[in-house]
Amino acid sequence: MGEEKILLKDKDFAGAEDIANAKDMPGSKETSAGAKGIAAGAKGIAGMDGSKTNVVISGTGVLAKTVRVSKKGDELYSCSRCGTCLSICPVYKNTLDEGVSPRGKLSLIEAAANKTLPLTDKLSQKIYTCTMCNYCTKECPSGVKISELFRAVRQDLVDSSKYPEILDMLKDKIKTAYNITFDTNQGRLDWLKQIPGITLSDYVKDTAEVVYFVGCVSSFSPRSFSIPRAITEIFKRADVDFTLLGEDEWCCGFPLLSSGMTDAVTSLALHNIGMVIKKGAKLLITSCPSCFHTWAHEYTELTGVKPDFEIMHVSQYLLRLIQEGKIKLNDISVNKAGIKVTYHDPCDLGRNSGIFEEPRQVIKSIPGIDFIELDTNRLQANCCGGGGNIESLNPALSSKIADAKTDEIFATKAEIVVSACQQCERTMNTALKRKKGEIDYKVKVLDIAELVLQSMNAEG
Ligand code: SF4
Ligand code: SF4
């Protein structure tokens, strides 16, 4: 980081210490309540008393550990403090703590990079209080690549051993068992083996046109078993030549990537790519949006390998199968009165991967559905509260964000809310259970594959 940049920054924006002392932010749309939030936040983060006595400036400490953030260059200094991101950030909206808002986090990152704040545990806690929903990045009028900066600073925090302890557990699990649970990887197909009468060799073949990459949550969380079961049943009935990887499937690495533990992901990526190549597949399907995002948008950069097979999310592939006439959809409405269905855009599928229309087209192809959009949708979709490891790091905040999502669902009066992500499905299901009794009808959460299978099974 050059001296010039530091001087420029000092002139344009004084940094987190001034924010801590400020009554309000210059140009802020927020009230002083917001400013108070960040004042308290920054003070707490820095362990500062307003003087410079506690400010740690170390040539080998902060700066050395913020190389990855400093590589981001001008982006780090282009936040104009306009406050646009406050009104859309689920974390800020549910905490009113500016220290965890996008703008607040950026000022802390700047201060750390500028050596006026040390990388402390409290700063780390603020940085990790984020669903990584990416909404702030998409809405920022100054084009600040906020999420990239968050990821970069998380890497720096990991390098400095200033990250939530729980992430060590996650890393150990993935490193030793290649999945996010304490189960051995041999259990990857338990969801399948428990189906009476199945022949395993029909599902795990030496070669196949298509590899279905199931993902850790669907493989190991019994609550999500219905998703891979639905997908494999659809594939069988549509005559898709597919295989699973079984215990040769390793975690895609997304939980580590979003935690800042990027270096640990390359070997997972190389292994997974190698396994798909070994099967001779032309197409890789994932049902988890985070797996999809990692495969489609991260693996090549991480490994330098550009796989020559196509990568699709299952919602895209289902649409292809429908358009090719390989699956027959029947009316799912009761007594032929349209059933109200809405769709929640998973952050990693929609905003982070650009897949908005295919899941909607799949839902709308099903006869008997009266489709209604949620108030926030596509690029503006509110997160369900299940992203960024926030469920483990701050379960109360995760629940608050999920509760806000259920209010949006209730407002549509939909009987079914569809998602295309097992994590969103889990988070929304739990939140809807908490809100039981608040509405006089039942809302069901279904994965897109479950909805398609329901339609295939309906009486034609
Ligand atoms: S991050 Fe972007 S939207 Fe948020 S305050 Fe800065 S310039 Fe405004
Ligand atoms: S990524 Fe989402 S949760 Fe995190 S700061 Fe941005 S808007 Fe808030």
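Two strands are taken to pair if DSSP finds at least two bridges between them. With that criterion in hand, the tour below moves through a predicted model, beginning at a sheet that the criterion defines.

**First stop: the sheet containing S5 and S7**

Select S5 and S7, which pair in the parallel sense over three bridges. Within this pairing, Thr342 stands opposite Val417 of S7. Now extend the selection to the whole sheet, which is open, has four strands in the order S6-S5-S7-S8 and shows parallel pairing. Its edges are strand S6 (369–371) and strand S8 (444–447), each of which pairs on one side only. From one strand to the next, the twist averages 35°.

Move from S5 towards the S6 edge. Strand S5 (residues 339–343) meets S6 in the parallel sense over three bridges, and Lys340 has Asp370 in S6 as its bridge partner. Then cross to the other edge: S7 and S8 run parallel and are joined by four bridges, with Ser419 standing opposite Asp447 in S8.

Remain on strand S7 (residues 416–419) and display its side chains. In a regular strand the side chains alternate between the two faces of the sheet. Here Ile416 and Val418 point one way, while Val417 and Ser419 point the other way, and all are buried.

**Second stop: helix H24 and the segment after it**

Next select helix H24 (448–457). This helix is mostly covered, with seven of its ten residues buried. The buried residues are Ile448, Ala449, Glu450, Leu451, Val452, Leu453 and Ser455. To see what covers them, add to the selection H14, helix H19 (314–323), helix H20 (357–365), S7 and S8, which are included in that cover.

Follow the chain into the segment after H24, where Glu459 is found. Is Glu459 buried or exposed? Glu459 counts as exposed because it has 6 C-beta neighbours inside 10 Å, and a residue is called exposed if 12 or fewer lie within that distance. Add Asp331 to the view: the C-alpha atoms of Glu459 and Asp331 are separated by 7.4 Å, although the two residues are 128 residues apart along the chain.

**Third stop: helix H14**

Return to H14, one of the elements covering H24. Helix H14 (residues 226–237) has twelve residues and reaches 16 Å from its first C-alpha to its last, close to the 16 Å expected at 1.5 Å a residue. Colour its buried residues: Ile227, Pro228, Ala230, Ile231, Thr232, Ile234 and Phe235. Beyond the helix comes Asp239, whose phi is positive, near 60°.

**Fourth stop: the sheet containing S1 and S3**

Select the open sheet of four strands with the order S2-S1-S3-S4, where the pairing is parallel. Strand S2 (242–244) and strand S4 (310–313) form its edges, each pairing on one side only. Neighbouring strands of this sheet are turned by 25° against each other on average, direction ignored.

Focus on strand S1 (residues 210–213) and strand S3 (residues 283–286), which pair in the parallel sense over four bridges. The bridge partner of Tyr212 in S3 is Ile285. Then bring back H19, which lies across S3 and S4 and runs at about 95° to S4.

**Fifth stop: the two ligands**

Centre on ligand 1, which 15 residues surround; the closest are Cys79, Cys82, Thr84, Cys85 and Cys140. Which helix gives the largest share of the shell around ligand 1? That share, three residues, comes from helix H7 (residues 102–113). Colouring by class shows nine nonpolar, four polar and two charged residues in this shell.

Then centre on ligand 2, surrounded by 13 residues, of which the closest are Cys89, Pro102, Cys130, Cys133 and Cys136. Helix H6 (90–95), helix H9 (135–139) and helix H10 (146–159) are the elements that give two or more residues to this shell. By class, the shell around ligand 2 has ten nonpolar, three polar and no charged residues.

**Last stop: the whole protein**

Finally, show the entire chain. The protein has 24 helices and eight strands. Buried residues make up 49% of its 460 residues. Among contacts with a separation of 6 or more, 79% are accounted for by residues 24 or more positions apart.

Technical notes
Residues numbered from 1 in each chain as written. Chains lettered and ligands numbered in written order. Predicted model: local features only at pLDDT ≥ 70, side-chain atom pairs only at ≥ 80, totals over all residues. Expected span 1.5 Å × (residues − 1). Buried ≥ 20, exposed ≤ 12 C-beta atoms within 10 Å, placed from the backbone. Axes fitted to C-alpha atoms, helices over the stretch in contact; angles between N-to-C directions. Near = placed C-beta within 6 Å. Nonpolar A, V, L, I, M, F, W, Y, C, P; charged D, E, K, R; others polar. Contact = placed C-beta atoms within 7 Å.
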